[in-house]
Amino acid sequence: MTDDVLDTRGGRVLVSVAAGVAGLAGSYAVTGNAPAFLASPVERTLARTLPGAIVSFAITTLGSVGQQLNLLTAVVVAGLFVALAARAAILAGDAANNRLLPGTGTAVVTWVVAVALTGEPVLSAGAALPAAGVVVLAQALDAAGGHTTPISSKRRRALSTVGVALGASVLGYRLGGQRTPTATAADAPTLASPGVDLDDAQTKLDAASDRSLDVDDLDSLVSETFFEVDINSIDPQVDAGEWTLSVTGAVEQEVTLDYDELQGMPAENRFSTLRCVGDSLNGKKMDTALWTGVPVDQLLDEAGVQSGCECVMLHATDGYYEEFPIEALRGGLLVYGMNGKVLPRGHGYPVRALVPGHWGEVNVKWLTEIEVLEREAEGYWEQRGWQGTGPVKPVAKLHHAELLDDGRRRLAGHAYAGLRGISRVEVSTDGGETWADATLSDPLPAVDGDRAAEDAWRQWVYAYDPPSGGHTAVVRMVDGEGTVQTAEETNPPPSGPSGWVSREFA
Ligand SMILES: Nc1nc2c(c(=O)[nH]1)N[C@H]1C(S)=C(S)[C@@H](COP(=O)(O)O)O[C@H]1N2
Ligand SMILES: [Mo]
């Protein structure tokens with residue numbers, strides 16, 4: 001029995017775990033929050049294989065916390081792979097009585113595992129080398145410590161190894177953070193595609209800010225921050241130069257299009273609101289942007305659709321897929337611009353689908369394939385119990401309430417009903433007995449600039465003298481055909497929330 005850390009079971013476990021931490025840190029340091037990060041493929045596998053109830057709960061109820069839990073699990077699992085590689089190499093070195101085997105073995109096995117997971121031979125060294133480094137360090141400390149130098153006790157050597165691994169993880173986190181490819185609109189470059197009328201985009205964005213109601217904390221007509229819902233927290237990173245979109249399946253001839261070709265085609269600038277089917281009744285997963293893209297119609301015509309079910313399945317880089325009627329897609333766009341800028345990575349760069357009037361989930365991001373189907377099939381969320389491929393449900397949300405200086409109370413929010421349009425928003429301040437019309441923001445301009453945008457929300461505002469004592473305010477919308485939003489309350493699953501938003505005032 002020697003006094004080596006690596007000669008005890010606990011010591012080997014500790015060093016293996018430290019190697020796992022260092023391997024993860026090294027991987028993150030060279031990739032950032034990108035698909036080449038060791039945890040990313042694990043996260044994708046989790047998103048694909050976890051029971052639907054868990055995925056739905058994590059993403060819709062816990063929201064970004066749920067995504068972080070998923071990522072955390074993936075990080076732990078990926079770290080465990082590296083730790084197991086290190087442990088196997090240490091034991092093999094022991095058995096073979098070979099001092100080189102633990103380090104080289106850890107490096108090689110970690111690298112092989114990382115390449116198998118990510119397909120990135122060069123970046124995988126980012127995981128392999130630090131993991132091996134920790135094992136070699138533990139060996140070296142053991143060798144230097146020996147039996148005779150009590151200062152360098154076993155405990156101290158073990159702690160040093162752990163300390164180095166933790167230091168590596170802080171460093172890796174910092175470096176990786178700098179490397180993370182940009183994902184949000186704030187840092188996206190301005191659009192400069194030949195097919196886009198940039199003046200038109202600017203005119204429309206100006207109109208949107210002119211027409212936004214002057215209610216300070218109410219989101220303007222073009223959302224300042226746009227919600228994101230993804231099955232993975234690490235977004236795909238697609239090289240536009242290598243991106244193609246194919247129309248496949250039940251077609252006369254398959255058609256494939258690349259990014260340059262798409263950008264050369266005449267594009268439209270179109271306001272459209274997106275809302276997630278998992279949004280709560282008065283939630284914040286509803287936003288509006290000016291989308292720039294090419295009508296998908298002409299591509300479908302070129303391919304010659306021969307569908308038995310009049311339905312399509314859209315496929316994406318992240319393994320996501322959704323099926324819905326081809327008719328809905330015909331009115332849609334292949335989007336590569338958002339608010340006058342290049343579509344951000346988080347919203348589907350280089351190209352996403354925009355399907356007017358339908359729940360967010362069919363607006364597939366990182367789009368790669370439009371598969372025309374012969375028979376109905378289920379999409380990612382439908383396989384997990386949702387029914388979110390249809391038109392959105394009408395809603396009037398209440399996101400602002402303020403007592404004005406003159407003693408009146410002012411309420412405001414957004415109303416959206418997809419392609420049904422909005423004709424009125426009504427407010428009741430006596431709990432639903434009597435109703436009065438709210439003031440609506442002017443509609444956003446349509447593609448041609450003159451009429452009203454077909455598929456965009458409107459803001460509403462209403463001020464009143466509050467009755468003395470408590471009261472309940474209720475808000476509802478009336479769609480373009482005169483139908484009043486249903487009062488019947490349903491939860492988001494499976495097909496989106498319904499009911500009237502109300503709020504009590506003391
Ligand atoms: N490829 C892909 N597309 C996707 C998703 C996804 O996870 N992967 N999420 C969908 C869901 S559920 C919604 S609500 C919208 C949200 O779009 P946003 O993130 O741009 O707001 O994207 C849809 N498109
Ligand atoms: Mo969604």
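In this predicted model, Cys309 and Cys311 are joined in a disulfide whose sulfur atoms lie 2.0 Å apart, and the structure holds 1 disulfide. The link between Cys309 and Cys311 is left-handed, with -80 degrees about the S-S bond. As to the setting of this link, Cys309 is buried, and Cys311 is buried as well. A further cysteine, Cys276, has a relative accessibility of 12% and therefore counts as buried, since the term buried applies under 20% relative accessible area.

The second topic is ligand 1 and its surroundings. The space that ligand 1 takes up is the largest cavity, and 19 residues surround the ligand, the closest being Phe227, Asp318, His347, Arg352 and Lys365. By character, the residues of this shell divide into 10 nonpolar, 3 polar and 6 charged.

Polar backbone atoms of the protein also face ligand 1, and the table sets out three such contacts, with Phe227, Val229 and Ile231.

| Residue (polar backbone atom) | Atom of ligand 1 | Distance |
|---|---|---|
| Phe227 | oxygen | 2.6 Å |
| Val229 | nitrogen | 3.0 Å |
| Ile231 | oxygen | 2.8 Å |

Taken alone, ligand 1 exposes 540 Å², and the protein buries 99% of that area. Phe227 thus appears twice in this account, being listed among the closest residues around ligand 1 and having a polar backbone atom 2.6 Å from an oxygen atom of the ligand.

Terms used: Residues numbered from 1 in each chain as written. Chains lettered and ligands numbered in written order. Predicted model: local features only at pLDDT ≥ 70, side-chain atom pairs only at ≥ 80, totals over all residues. Heavy atoms only, no water. Disulfide = S-S within 2.5 Å. Buried < 20%, exposed > 50% of the residue type's maximum accessible area, 1.4 Å probe, protein only. Near = heavy atom within 4 Å. Polar contact = N/O pair within 3.5 Å; in protein donor to acceptor, adjacent residues only side chain to side chain. Areas by Shrake-Rupley, 256 points an atom, 1.4 Å probe, with all protein chains shown as cover. 1 Å grid on protein atoms, 1.4 Å probe; cavity = no way out; pocket = protein on both sides within 12 Å on 5 of 7 lines; lining within 4 Å. Sits in = over half its atoms within 2 Å of the grid points. Nonpolar A, V, L, I, M, F, W, Y, C, P; charged D, E, K, R; others polar.
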